[in-house]
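I opened the model to look up a few strands, helices, loops and a pocket. My notes are kept in the order of the lookups.

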Amino acid sequence: MPVFKLRIPAPDLHAGRAASDLLSDLVAPQALAVTLFEDAPRGFVVEAYYDADPGLATIERALAWLDRRLGPAVVVAVPDLNWVAMSQAALPPVVAGRFIVHGSHDRARVGLRPNAIEIEAGEAFGTGHNATTSGCLEALAETARSRRFSRVLDLGCGTAVLAIAAARALPNAQVLACDNDPIATAVARANAHINRVAARVRVVTASGFAHPLLCRPQRFDLVLANILPRPLIALAPSMRRAVRPDGIVVLSGILNEQAREVTAIYRSAGFRLVRKRQLSGWTVLTLARR
């Protein structure tokens, strides 16, 4: 099966990060992998890989809102190689709050640090390089400094990077991770074992809160949900039922212009806004249940 590479020059690091974050989170076309590299003095290049031609017109429409003076996009067919693993193997470690997320190629260099999290290249979302994930990690680190939590949920866990981080930051907490994709939950279980937290991170396959372990009222005092605005909005009533009074919810996967709507829905569902942080065009909301 042919693989297609999209290449976009960026004038600076900020523009490159904004473009790579957006391409990573597009559902259609959905990238197999997205990378950002330095290219000549002060210049950068974004490359994304697809299993079908993404269509330049579609990509250009998606990038138009960034207004970052990006160079012309080019799509070329490339040999059928494992581009997901190859591109992610080139990614450097990412520092987010107290955590450092790395691949197996950096295990010897950073893997022994107390808050290091190893995430292998694979088929699930969440390596820490996207602003939505790093923003969640920063919010988790900040929240864990001031509160103790006993039951944590990573909703839409992908690789389980947030669940693993919660287990590291909250050594007395039991952590539940769920995703509606069985491939993602298989990856999540493997990552929990790799990071030596499998005894405290349980992984289940479920859509939303539709699982016996998730539907008990007021079960969780911390929920981390890095998904998309539409599912977040739809889940607001269930989120309120699942979270204890004064429990914390961290929501991500929200573009800056979508944050007001999501905040309003959660306020009407019985939450108050604790903090809003913005990173590269994305918003992370920390809310408390009233």
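The entries below go element by element, and the model is a predicted one.

**Strand β14**

I began with β14, residues 282-289, and checked burial. Eight of its eight residues are buried, so the strand is largely enclosed by the rest of the structure. I then sorted the side chains by direction. Trp282, Val284, Thr286 and Ala288 point one way, while Thr283, Leu285, Leu287 and Arg289 point the other way. I noted that Arg289 is among the buried residues.

Which strands pair with β14? I found β12, residues 243-255, running antiparallel to β14 and joined to it by six bridges. I also found β13, residues 271-279, which is antiparallel to β14 over eight bridges. I used Leu285 as a reference point in the register: Leu251 stands opposite Leu285, and so does Lys276.

**The turn at Ser280**

I followed the hairpin of β13 and β14, which leaves two residues between the strands. One residue in that loop is Ser280, and its phi is near 50°, a positive value in a residue other than glycine. For context, most residues other than glycine have a negative phi. Is Ser280 buried or partly exposed? I read a relative accessible area of 24% for Ser280, so it counts as partly exposed.

I looked up Gln218 as well, and its phi is positive at about 50° although it is not a glycine. Gln218 lies in the loop between β10 (201-205) and β11 (220-226). With a relative accessible area of 38%, Gln218 is partly exposed.

**Helices α5 and α6**

I checked the length of α5, residues 131-146. At 1.5 Å a residue its 16 residues should span 22 Å, and the end C-alpha atoms are 23 Å apart, which agrees. I counted 12 of the 16 residues as buried, so α5 is largely enclosed by the rest of the structure. The buried set includes Cys136, Leu137, Leu140 and Thr143.

Ahead of this helix I stopped at Asn130, in the loop between β7 (116-118) and α5. Asn130 is buried, with a relative accessible area of 7%. I took its C-alpha distance to Asp25: the two are 8.5 Å apart in space and 105 residues apart in sequence.

For α6, residues 161-169, I found nine of the nine residues buried, so this helix too is largely enclosed by the rest of the structure. Arg168 is one of the buried residues of α6, along with Ile164 and others.

**Aromatic pair**

How many aromatic pairs are there? I got one. The pair is Tyr266 with Phe271, tilted, at 5.5 Å centre to centre and 55° between the planes. I checked both partners for burial: Tyr266 is at 0% relative accessibility and counts as buried, and Phe271 is also buried at 0%.

**Second largest pocket**

I last looked up the second largest pocket, which holds about 190 Å³ of space. Its lining includes Leu22, Asp25, Leu26, Trp65, Leu228, Gly253, Leu255 and Trp282. The elements giving two or more residues to that lining are α1 (13-25) and β12. I sorted the lining by type and got nine nonpolar residues, two polar and one charged.

Two residues link this entry to earlier ones. Trp282 of the lining is also a buried residue of β14, and Asp25 of the lining is the residue I paired with Asn130 for the C-alpha distance.

How values were computed:
Residues numbered from 1 in each chain as written. Predicted model: local features only at pLDDT ≥ 70, side-chain atom pairs only at ≥ 80, totals over all residues. Heavy atoms only, no water. Buried < 20%, exposed > 50% of the residue type's maximum accessible area, 1.4 Å probe, protein only. Helix = DSSP H or I, 4+ residues; strand = E, 2+ residues; numbered from the N terminus. Pairing = 2+ DSSP bridges. Expected span 1.5 Å × (residues − 1). Phe/Tyr/Trp six-rings, centres within 6.5 Å; stacked < 30°, edge-to-face > 60°. 1 Å grid on protein atoms, 1.4 Å probe; cavity = no way out; pocket = protein on both sides within 12 Å on 5 of 7 lines; lining within 4 Å. Points joined across faces, edges and corners; volume = space filled by probe spheres on them. Nonpolar A, V, L, I, M, F, W, Y, C, P; charged D, E, K, R; others polar.
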